[in-house]
Amino acid sequence: MIVSAIGQGMLWAILGLGIFMTYRILNFPDMTTEGSFPLGGAVCVTAITSGIHPIFATLLGVLAGMCAGLVTGLLFTKGKIPVILAGILVMSGLNSVILYVMQTPNLSLLNKPKIQDFFLQLNLPNYYDIIFLGVIFLAIIISLLLFFFNTNLGQAYIATGDNEHMARSIGIKTDSMKILGLTLSNGVIALSGALIAQNDGYADVNKGTGVIVIGLASIIIGEVLFGELTFAERLVAIVVGSIIYQILILLVIKLGFDTTYLKIFSAVILAACLMIPQLKKALNLHFLPQKEGEK
């Protein structure tokens, strides 16, 4: 079960990397996540059941997620709709899009090829195929992100998140950077949705509910554990945070709690992680020696 949790953590880490591109770099939460994640899975599973190769089906899922992010970006920048509201509008609309794509609330991959089937020839122990799959895709995504953020375009993207007014004053088209960020991040999020749908063996219209909490937990746990890091180290910390989060969820299940209420445990874990820096600060202040004359 621990090996399974590690494999799951790696696939969910891709979601965390996608959310990181907007939540941490552009400094705004993107609610499109809860629509683009199940959309990636729905498009991928529908394509596979239609006879398309799993790799191409996965790429179609990524493309669908990028389109969702593009719509949010246009509503936000050109329509002047607040980013949270724009994300909610797109997320709500994607519910109908997913139903139209699958023609049913859920769709199974029973007896259909999946991307992890390529590891069957290696005769790996149970669940190790998911770890191999996670390592490969995480290596690709992290490498591409590092390459992108070391280009002039990537630096302009970072500058937009750091100080939008300054970025605009030196000629950076900040609206274009926001559209680019939302498009790319939702493509990465949809990739996670496509891989997890194949791992679970089905796609479901309600699969995106609460996934933003899982992605944020990966980011927050990594930051709390490792503190100040380089950019590359922060990306790896998200992966570690995602694995730890999945192990914590496994621990909750092993303790005998009702899995029906798993969402509230997820929220509690995230809230606890968010409060850790404040608790550290409070404890440090509490135990600091008082200066002479202070009460």
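Is C44 buried or exposed? In this predicted model, C44 is buried, with a relative accessible area of 0%. A search of the whole structure turns up 0 disulfides, and C44 is no exception: the nearest cysteine sulfur belongs to C67 and is 15 Å away. Looked at from the other side, the sulfur of C67 has its closest cysteine sulfur in C44, and 15 Å is too far for a bond, given that a disulfide calls for sulfur atoms within 2.5 Å. The surroundings of C67 are another matter, as that residue comes out partly exposed at 44% relative accessibility.

On to the packing. The largest nonpolar core holds 58 residues, and L15, L17, Y157 and L195 have the most contacts inside it. Quite a list of helices feeds this core with two or more residues each: α1 (2–23), α3 (54–77), α5 (128–149), α6 (152–162), α8 (174–200), α9 (211–226), α10 (231–254) and α11 (262–287). A second core, separate from that one, has 20 residues, among them L39, A42, A197 and V205. Back in the largest core, L15 shows what those contacts look like: leaving aside residues up to four places away in sequence, L15 touches T33, F37, I189, S192, V211, I214 and G215.

The aromatic side chains come next. Searching the whole structure gives 8 aromatic pairs. One of them joins F149 and Y157, with ring centres 5.6 Å apart and planes at 40°, so this pair counts as tilted; for a stacked pair the planes would have to be under 30 degrees apart, and for an edge-to-face one over 60. Both F149 and Y157 are buried. The two also belong to a cluster in which ring pairs link F20, F148, F149, Y157 and F231. Y157 thus turns up in this cluster as well as among the residues with the most contacts in the largest core. A ring is also involved in a charge contact: the charged end of K207 sits over the ring of Y202, 4.1 Å from the ring centre.

Finally, the annotation. The UniProt record, an unreviewed entry, places the feature "transmembrane region" at residues 9–26, 55–76, 83–102, 130–149, 179–197, 209–226 and 235–255. Two of these spans can be set against the model. Residues 55–76 are 100% helix and 0% strand, and the C-alpha atoms at the ends of the span lie 32 Å apart. For residues 235–255 the chain is 95% helix, again with 0% strand, and the end C-alpha atoms are 31 Å apart.

Conventions. Residues are numbered from 1 along each chain as its sequence is written. This is a predicted model: local features need pLDDT of at least 70, side-chain atom pairs count only at pLDDT 80 or more; totals for chains, interfaces and linings use all residues. Side-chain values use heavy atoms; hydrogens and water are left out. Rings of Phe, Tyr and Trp (its six-membered ring) pair if their centres lie within 6.5 Å; planes under 30 degrees apart count as stacked, over 60 as edge-to-face and the rest as tilted. Buried means under 20% relative accessible area, exposed over 50%, partly exposed in between (1.4 Å probe, protein chains only). A charge sits over a ring if NZ of Lys or CZ of Arg is within 6 Å of the ring centre and within 35 degrees of the ring normal. A nonpolar core is a set of buried Ala, Val, Leu, Ile, Met, Phe, Trp, Tyr and Cys residues joined through side-chain atoms within 4.5 Å. Helices (H or I, at least four residues) and strands (E, at least two) are DSSP runs, numbered from the N terminus. Contact means heavy atoms within 4.5 Å. UniProt positions are given in the numbering used here, feature names are shortened, and annotations may be inferred rather than shown by experiment.
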